[in-house]
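Work through the exercises below with the coordinates open. Each task is followed by a solution in steps.

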Amino acid sequence: MNPPSDAREQARAAITAVAADLLREHGSAAVTTRAVTELAGVQAPTLYRLFGDKDGLLEAVAEHVLAEHVASKRGDVAAAAADDTDPVADLVAGWRRQIEFGLANPDVFRLLGDPTRAHSSQATATGRGVLAARVHRVALAGRLRVAESRAVDLVHAAGVGVVQALLEVPADRRDPGLVEAMLETLLTGILTRDLVDNPVDNPVDSLVDEDAGTPGDVDDPVATAAVTLRAAAADLQALTPGERALLVEWLGRVTPA
């Protein structure tokens with residue numbers, strides 16, 4: 001017989017919290033049925049009824065830890081918008097924080113890094129929405145040189161790749177400059193050259209090197225304007241919804257991928 005709904009939720013919350021602490025402090029190997037049930041004050045059958053098995057528990061815990069992190073990031077984005085924080089600086093700060101989270105929570109990163117799990121993870125989807133909001137602010141400021149969707153994909157891929165590469169080697173052998181090198185490459189590819197006049201913390205040197213031959217050397221002003229106007233299209237109240245949709249479609253044809 002299953003316990004009442006409130007009791008089930010209380011038991012699930014207690015088990016998840018205990019298992020999350022074990023995962024963060026000692027890794028997935030420490031999340032054993034015995035350890036979790038003893039610390040949560042429940043019987044093993046309760047754990048199995050709620051989570052199925054250890055894999056189900058680990059997946060639920062990883063989702064819980066990521067959801068807490070994403071909730072904090074959502075607050076950061078809202079605060080940055082309210083304070084009119086430089087959108088590029090906010091994007092960079094969020095990216096660095098995501099790298100730190102991945103390195104500090106390797107088991108969570110690996111569990112939810114599995115594409116089959118990521119597709120069904122609400123926290124992962126919400127986190128991508130937070131990233132999209134950050135990129136949208138950069139686009140509205142006229143500082144994005146590629147389509148917003150492409151920028152989101154690039155920022156996400158760069159972050160996942162860096163964390164994966166660093167976790168593949170022992171901590172004492174990791175390249176300390178890899179994060180900043182990837183960030184430089186990323187920003188060069190997605191930002192307009194106005195970063196030269198509005199540098200963020202840790203400026204991107206290749207953007208100010210006239211002889212560097214990087215993708216950031218020349219901007220297409222029409223394409224950049226299209227990215228910016230497309231970002232602002234939803235707020236063009238002088239147009240009807242149909243006209244705004246048509247405008248977005250047209251701008252999409254001249255927006256660089």
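Partly exposed denotes a relative accessible area between the buried class, under 20%, and the exposed class, over 50%. The model is predicted.

**Exercise 1.** Classify Arg 128 by its relative accessible area, then do likewise for Asp 153, its salt-bridge partner.

Solution.
- Step 1. Arg 128 has a relative accessible area of 34%, so the residue is partly exposed.
- Step 2. Asp 153, with 40%, is also partly exposed.
- Step 3. The closest N and O atoms of Asp 153 and Arg 128 are 2.2 Å apart, and the two form a salt bridge.
- Step 4. Because Asp 153 belongs to helix H9 and Arg 128 to helix H8, their pairing ties together parts 25 residues apart in sequence.

**Exercise 2.** Find which residues form one network with Arg 24 through salt bridges that share partners.

Solution.
- Step 1. The network joins Asp 21, Arg 24 and Glu 68.
- Step 2. For Arg 24 and Glu 68, the closest N and O atoms of the salt bridge are 3.4 Å apart.
- Step 3. This pair links distant parts of the chain, since Arg 24 sits in helix H1 (residues 5-26) and Glu 68 in helix H4, 44 residues apart.
- Step 4. The relative accessible area of Arg 24 is 36%, which means partly exposed; that of Glu 68 is 41%, also partly exposed.

**Exercise 3.** Describe the salt bridge between Asp 76 and Arg 97 by distance, location and exposure.

Solution.
- Step 1. The closest N and O atoms of Asp 76 and Arg 97 lie 2.2 Å apart.
- Step 2. Asp 76 is in helix H4 and Arg 97 in helix H5, 21 residues apart, and the pair links distant parts of the chain.
- Step 3. Asp 76 is partly exposed at 30% relative accessibility, and Arg 97 is partly exposed at 26%.
- Step 4. For context, the whole structure holds 10 salt bridges.

**Exercise 4.** Determine what surrounds Arg 244, and whether this residue is buried or exposed.

Solution.
- Step 1. Arg 244 is part of helix H12 (residues 241-254).
- Step 2. The residue is buried yet has no salt bridge. Glu 243 is the nearest side chain of opposite charge, at 7.0 Å, whereas a salt bridge requires a distance within 4 Å.
- Step 3. A polar atom of the Arg 244 side chain is 3.3 Å from the backbone oxygen of Leu 236.
- Step 4. Leaving out residues up to four places away in sequence, Arg 244 touches Ala 233, Ala 234, Leu 236, Gln 237 and Leu 239.

**Exercise 5.** Characterise the largest pocket by its space and its lining.

Solution.
- Step 1. The space in the largest pocket is about 720 Å³.
- Step 2. Its lining has 31 residues, and those nearest the centre are Gln 98, Phe 109, Thr 124, His 156 and Val 160.
- Step 3. Two or more lining residues come from each of H4, H5, helix H6 (106-113), helix H7 (115-118), helix H8 (122-140) and helix H9 (148-167).
- Step 4. H8 contributes the most to this lining, with seven residues.

**Exercise 6.** State what is notable about the phi of Asp 84, and where the residue is found.

Solution.
- Step 1. Most residues other than glycine have a negative phi.
- Step 2. Phi of Asp 84 is near 55 degrees, a positive value in a residue other than glycine.
- Step 3. Asp 84 occurs in the loop between helix H4 (54-82) and helix H5 (87-104).
- Step 4. With a relative accessible area of 64%, Asp 84 is exposed.

Terms used. Residues numbered from 1 in each chain as written. Predicted model: local features only at pLDDT ≥ 70, side-chain atom pairs only at ≥ 80, totals over all residues. Heavy atoms only, no water. Helix = DSSP H or I, 4+ residues; strand = E, 2+ residues; numbered from the N terminus. Buried < 20%, exposed > 50% of the residue type's maximum accessible area, 1.4 Å probe, protein only. Lys, Arg positive; Asp, Glu negative; His and termini not counted. Polar contact = N/O pair within 3.5 Å; in protein donor to acceptor, adjacent residues only side chain to side chain. Contact = heavy atoms within 4.5 Å. 1 Å grid on protein atoms, 1.4 Å probe; cavity = no way out; pocket = protein on both sides within 12 Å on 5 of 7 lines; lining within 4 Å. Points joined across faces, edges and corners; volume = space filled by probe spheres on them.
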